[in-house]
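The following exercises invite the reader to examine one protein model step by step. Each task is followed by a worked solution.

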Amino acid sequence: MTRPFTGDTLEAELITPRVDSRRAKLAGRAAEQIVNDVVERGWPVGAVLASEADLLKRYGVSRAILREAIRLIEHQHVARMRRGTGGGLVICEPDVDAVIGPAVIYLLRVGATLDEIFDTRILLEELVAELASQRVTESDITTIRSTVERESEGTLSNFRLLHTQLAALSNNPVLELIVETFSRVSSFHFDDGARVPAGFDREVREAHRGIAEAVMANEPGVARERMRRYLRSEADFIRSQSATVQHLDPDVALGTLGDKRGEALARQIFAELINTGAVQGTFVGSEAALMTKYRASRAVVREAIRILEYHRIALTRRGPGGGLFVTEPDISGVVDTIAIYLRRHRVQAQHIAELRTGLELAVVTRAAETLKSGGSDAAAIEAALHAESQQGPTPAFGQGEEFHSILGRLTGNRALHLVHSVTLRLWWRFLSQVAADDPCAAGARPQRQSLPVIRAHQSIADALLAGDSEQAVTRMRAHMTATAPLRAH
Ligand SMILES: [Zn+2]
C-alpha cells in the first residue's frame, strides 16, 4: 500500500515542537506571523513593520504575549523593537550570528569535540570546492585571482577570504551559511588571533593557490582533494596550539545568548543547569518560583523561559506539578533559525537537495567505516528498516527511527549528525510545504510512494552490512538522484 505524504501530518509530527504550554504556543505563533508579514513585505531591512499598538490589533494577542513573541523575533535577528517616536518593530537582516547561538548550545549540550567539528567542516568545504569548480564564471576567476594575488603580496589580512568566496561560488545559500557557521563555531575552540604564524603563512598561501587553480581549471576532484589536505593540515596546526580545547568552554556558549534582560536571565539559568550537571527531566522551577529566586519580574521570567524553550534547553509542562523542566538536546532551534534565513534568501528545493546529497554520501561513507571497525551497531539499521516497512518512512522519521536518521547517528560524529539532521528536517519541511501549497505538484514530491524508497534503503543497508562501502555509496547516490526535486522552479 502506498502512503501519501500529506503536509498536515508533517506539520503536526515533524515540525511543531511538542511544547505543552499555551503561552509558548501563542507567542510562537505570533512570532511566526511576524516572520510571515516580514516576508510578505519583501524583507525591507531597516523599515518599520508596525508599531506595538498596530501589532496588538493585527495579531489579537495580549501585550504580554506579543512582547514574548518580539523577544523571540529579536533573538532570531528578524526584527527589533525601537522605542520612542517613529518607533516600532524594525526589520533586521538575519545573518549567520542568529544560527551560531543555537548551534553552539546544541553542540555544547551533546558534548561534541573540536575534532568532530573539524571533520564536519572539512566535508562541507570539500563539497564547496567541488561545486565551485563546476560553477565558476569568468568574473569569479577575476575575483579569485585577485585574492590569491593579494595573499602572495601579503596585503590580505583575512586568510579565510578565499574560503568565503568559494562558498559563495557554490551558488548554494544553505551550504554557504552552514560552512560559515562551522568555521565560526570551530573558532570558539581556539585563540583566533594567534592562528597563523610566519612559517605556516607560506604553506597557507601555497595551498590556497593550489585550491584556486583547481577550481578555476574546473577540476572538482582535484579541488576537493586539495581542500581536504589543506584543511587537515590547518586542523593539525590548530590542535597543536596550547590555547586550543577539544571541549567548548560553557561560558563561550553562554555568550551567544544575548544581553537583553530576558536573555541574561536565560543565560544565568542555563549556567546553573550546566554547573549542577542537570540532566533531562530535572525540574527547573515554576514561573513564580523563578521570579522569587532571581528577583525578576514576571515579564522577564517569561521572556527567559521562551528563550530556554527556543533553544530546547528546557520546556514547560502544564498541570499540577508543572513548570519548567530540562529537556534532551534537540535541533529545533537550529532548524528554525536556518529556515528563517532560507526564507530571507529564497532558497529552493535543489539547494537543500544538493547539500543533502553531499551529506548523505559523506554519512554513508563514515557509517561504513564505523560499522567495519565494530564501533557501531548494525542492529540499529535493521531496526530502522523494520520501522519503515511497518509504519512508512514519514512516521518513522517523526520518531527519529528512519533509515537516514539512523545512519547519521551511526557516524558517531555529533557535529555531522547535527548538520545532517538539520538538512533532513529542512528537506521534510520543504516537502510538506510543497504538498500544502500545491497538492498537484506530484513531480516535486519525490517520495510519492514509500515502497521504492524502502527498497532503496534496504539495498544500501545490504551493502553496508556486507562491508561493501563502495557499493553502499553508489547506491546512495542513485537513491538521491531518484528522489531529487525537479529543476523546474
Ligand atoms: Zn531515503
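Two rings of Phe, Tyr or Trp (for Trp, its six-membered ring) form an aromatic pair if their centres lie within 6.5 Å; planes under 30 degrees apart count as stacked, over 60 as edge-to-face, and the rest as tilted. The model examined here is predicted.

**Exercise 1. Aromatic rings**

Determine how many aromatic pairs this rule yields, and classify the arrangement of F283 and F325.

Solution.
1. The count comes to 1 aromatic pair.
2. The ring centres of F283 and F325 are 5.0 Å apart and their planes meet at 50°, so the pair is tilted.
3. The pair joins distant parts of the chain, since F283 belongs to strand β3 (residues 283-285) and F325 to strand β5 (residues 323-326), 42 residues apart.
4. With a relative accessibility of 45%, F283 is partly exposed, whereas F325, at 10%, is buried.
5. F325 has a further partner: the charged end of R317 sits over its ring, 3.9 Å from the centre.

**Exercise 2. The zinc site**

Identify the protein donors of the zinc ion and state which helices H404 and H457 lie in.

Solution.
1. The protein donors are the NE2 atoms of H404, H457 and H479, which lie 2.0 Å from the zinc ion.
2. Along the chain, these donors follow the spacing H-x52-H-x21-H.
3. H404 is part of helix α20 (residues 403-410) and H457 of helix α22 (residues 450-465), so this pair ties together parts that are 53 residues apart in sequence.
4. Both H404 and H457 are buried.

**Exercise 3. A serine in helix α22**

Helix α22 also contains S459. Establish whether S459 is buried or partly exposed, and describe its surroundings.

Solution.
1. The relative accessible area of S459 is 23%; buried means under 20%, so S459 counts as partly exposed.
2. A polar atom of the S459 side chain lies 2.9 Å from the backbone oxygen of A456.
3. S459 and R475 are 16 residues apart along the chain, and their C-alpha atoms are separated by 7.3 Å.

**Exercise 4. A histidine in a loop**

Locate H189 and find which backbone oxygen its side chain reaches.

Solution.
1. H189 is found in the loop between α9 (173-187) and α10 (198-216).
2. Its relative accessible area is 2%, so H189 is buried.
3. The side chain of H189 reaches the backbone oxygen of Q246 at 3.4 Å.
4. Leaving aside residues up to four places away in sequence, H189 touches several residues, among them L114, I117, A243 and H247.

Definitions and conventions. Residues are numbered from 1 along each chain as its sequence is written. This is a predicted model: local features need pLDDT of at least 70, side-chain atom pairs count only at pLDDT 80 or more; totals for chains, interfaces and linings use all residues. Side-chain values use heavy atoms; hydrogens and water are left out. Donors are N, O and S atoms within 2.8 Å of the metal (3.2 Å for Na, K and Ca); water is not among the atoms, so sites may look incomplete. Helices (H or I, at least four residues) and strands (E, at least two) are DSSP runs, numbered from the N terminus. Buried means under 20% relative accessible area, exposed over 50%, partly exposed in between (1.4 Å probe, protein chains only). A polar contact is a pair of N or O atoms within 3.5 Å; within protein, one must be able to donate a hydrogen and the other to accept it, and residues adjacent in sequence count only if both atoms are side-chain atoms. Contact means heavy atoms within 4.5 Å. A charge sits over a ring if NZ of Lys or CZ of Arg is within 6 Å of the ring centre and within 35 degrees of the ring normal.
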